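Visitor: I am in my first year and would like a close look at one part of this structure, the protein surface that lies along the DNA. Could you take me through that part slowly, and then show me what is around it?

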Number of protein chains: 2
Amino acid sequence: MTKEKTFISEARREQILKATIDVLNDIGYVKLSLAKIAKQAKISTGLISYHFADKEELIQHTLNYLIGAQLEFIEERMKAETDIFEQLLAYITATLTYQNEYVENNVALIEIIFNARTEDNIPYYKLNEEEEDPLYLRLETILSEGQEKRIFSADFDPKATAILINGAASESMLLQSESFDIKNYQQELIKMVTKIVK
Amino acid sequence: MTKEKTFISEARREQILKATIDVLNDIGYVKLSLAKIAKQAKISTGLISYHFADKEELIQHTLNYLIGAQLEFIEERMKAETDIFEQLLAYITATLTYQNEYVENNVALIEIIFNARTEDNIPYYKLNEEEEDPLYLRLETILSEGQEKRIFSADFDPKATAILINGAASESMLLQSESFDIKNYQQELIKMVTKIVK
DNA sequence: TTAGAATTTGATTAACCAATCAAAAAATAA
DNA sequence: TTATTTTTTGATTGGTTAATCAAATTCTAA
């Protein structure tokens, strides 16, 4: 399945992947084409086909890369904390920080999730994330553990709370503008979540 | 600008609009085409062009219709309540109920918001909604009024809370499956929001 | 009834698309 | 060096697209 790739091949694949992220930011998934990606990467269209079986494989790889980058960023910051409550705060701040610092990655991620579809024509956004998404599971685990260890109140549902936190985080991603104070929102979000879990 | 339309013309436009919603549910925005809409509506492609200047105008009208339908549904249920706290609960339940009862409208709305772009090539999801979206304003007004009338705690930020509530509501929309208990989530969400505002 | 207007069709057009492929170029190995 | 493999190009193919338009049909009003 996964053939061994040469150094050049890997570098080229990464270049194409990065160009795809750029083009997604510029014109979005709907107008995305191999020709536009090739132009962005300053290569020929045929070269993309040489390194990726088809457009779908390219998109799938880009999606994997983007999900992995976000996951790594957030897990990195959570590992730094030992206290469960601090881990929860780290999850929230890391999520908001990533969205703010890696806007291009986030836009590309949104474009793919809400546009690309699986072979069975199911859009990724309809795919049941809570069951599989490692970030969802990570958050839910923290909330459950906090309850078991009596650090958190017993009076909230971990699953519902995980959905609320992720929703509140995603929503702010869509509100980037001069008038939106992300730092303030982060403080307020932590205040609200604290009221729920403590 | 808005010419007076005949009865037939209005009926046809609505038929095309409904067919657009159906096709968006079936194959999504990316694969949407006038030919597919025409086939769904059992009319010729030229007829769509006769009633709508271009594809963009058709999408814009469909978007307006979908936003209007949701707004009307939610405002209807809020008007039934006089108590401010009850209005807040009505907002939450109405939002979740609409998403559950009008799944097709919601899917079509998502497909357009995350795919269609304005003439300036700005995707609708990047458009700063909080400032303009009447639903956002409505929710924020309730939260502010509740604070002024000392029904709600003074210890939360109406804007941040509005974002959290809308985010928590939108997120659940993406999690529709057999395993997801919408009724339970609604209860838990109300419990959590109550902790924040009371 | 009938002329004119509104509506509808379906073929046509030009632009763009993903994918293929023969040929060239570059890298590698012997 | 030379032979072989890998990488790259860009033209080509068959397909889809939105929009146009002449012609046909249906509706409307006098």
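Guide: What follows goes through the surface beside each DNA strand, then a place where two helices meet, and finally two loop residues. Please keep in mind throughout that this is a predicted model.

Let us begin with DNA strand C, which is surrounded by 19 residues, and the closest of these are A:Ser33, A:Gly46, A:Ser49, A:Asp54 and B:Gly46. Both protein chains take part here, since at least two residues each are supplied by helix H2 (34-41) and helix H3 (45-51) of chain A and by helix H1 (7-27) and helix H3 (45-51) of chain B. The largest share, 4 residues, comes from H3(B). If you sort the residues of this surface by class, you find 6 nonpolar, 9 polar and 4 charged.

Turning to DNA strand D, there are 19 residues around this strand, and A:Gly46, B:Ser33, B:Gly46, B:Ser49 and B:Asp54 come nearest. The elements that give two or more residues to the surface near strand D are helix H1 (7-31) and H3 of chain A, along with helix H2 (34-41) and H3 of chain B. Here the largest share, 4 residues, is that of H3(A), and the classes are 6 nonpolar, 9 polar and 4 charged.

The next place to look is where helix H10 (residues 182-197) of chain A packs with helix H10 (residues 182-197) of chain B, at an angle of about 115° and with their axes 9 Å apart. That angle makes H10(A) roughly perpendicular to H10(B), and the crossing of the two is right-handed. The residues that meet are A:Met192, A:Lys195 and A:Ile196 on one helix and B:Met192, B:Lys195 and B:Ile196 on the other. By class, the residues of this contact are 4 nonpolar and 2 charged, with no polar ones.

Two loop residues complete the tour. A:Asn121, in the loop between helix H6 (103-113) and helix H7 (129-132) of chain A, has a positive phi of about 65° although it is not a glycine. A:Asn121 counts as exposed because it has 10 C-beta neighbours inside 10 Å, and the limit for exposed is 12 or fewer. In chain B, the loop between helix H8 (134-148) and helix H9 (158-173) holds B:Arg150, whose phi is near 60°, a positive value in a residue other than glycine. B:Arg150 is exposed too, with 8 other C-beta atoms within 10 Å.

Notes. Residues numbered from 1 in each chain as written. Chains lettered and ligands numbered in written order. Predicted model: local features only at pLDDT ≥ 70, side-chain atom pairs only at ≥ 80, totals over all residues. Axes fitted to C-alpha atoms, helices over the stretch in contact; angles between N-to-C directions. Parallel < 35°, antiparallel > 145°, perpendicular 65-115°, else oblique. Left-handed = near helix turned anticlockwise from the far one by under 90°. Contact = placed C-beta atoms within 7 Å. Nonpolar A, V, L, I, M, F, W, Y, C, P; charged D, E, K, R; others polar. Near = placed C-beta within 6 Å. Buried ≥ 20, exposed ≤ 12 C-beta atoms within 10 Å, placed from the backbone.
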